[in-house]
Amino acid sequence: MYAWIWRHLPGAWPTRAATVLGIVLAVAAVLWYVAFPRVESKIQFDHGVVQTPAPSGSATPG
């Protein structure tokens, strides 16, 4: 797939490399500023799943 894309880009290899870099940066910017903020409310990474019991004060280890 990547070889097919590379063959269909115009210009010599420096032009192709710059085009690919621009495309990668554009896709990363769209993901960063559009896609990730939309799914952030659905996938909450900052909420822990494991809860530790509150210390009772009278329990001593050992």
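1. R16 merits attention at the outset. The residue is buried yet forms no salt bridge; E40, the nearest side chain of opposite charge, lies 38 Å away. The model is a predicted one, and this placement should be read in that light.

2. As to its setting, R16 belongs to helix α2, which covers residues 13–40. Leaving aside residues up to four places away in sequence, R16 touches W6, R7, L9, P10 and G11.

3. The burial of R16 should be set beside the figure for the whole protein: 3% of the 62 residues count as buried. The secondary structure consists of 2 helices and 0 strands.

4. The protein exposes about 6100 Å², and carbon and sulfur atoms supply 69% of that area. A nonpolar surface patch of about 990 Å² is also present. Its members are I23, V27, V30, L31, W32, Y33, V34, F36, V39 and I43.

5. Which category of exposure applies to I23, a residue of helix α2, given its relative accessible area of 45%? I23 is partly exposed, because the value of 45% falls between the 20% limit for buried residues and the 50% limit for exposed ones. I23 also exceeds the 30% relative accessible area required of patch residues, and it is one of the residues that make the nonpolar patch.

Conventions:
Residues numbered from 1 in each chain as written. Predicted model: local features only at pLDDT ≥ 70, side-chain atom pairs only at ≥ 80, totals over all residues. Heavy atoms only, no water. Helix = DSSP H or I, 4+ residues; strand = E, 2+ residues; numbered from the N terminus. Buried < 20%, exposed > 50% of the residue type's maximum accessible area, 1.4 Å probe, protein only. Lys, Arg positive; Asp, Glu negative; His and termini not counted. Salt bridge = Lys/Arg side-chain N within 4 Å of Asp/Glu carboxyl O. Contact = heavy atoms within 4.5 Å. Areas by Shrake-Rupley, 256 points an atom, 1.4 Å probe, with all protein chains shown as cover. Patch = residues over 30% accessible without salt bridge, like charges linked within 9 Å, V, L, I, M, F, W, Y side chains within 5 Å.
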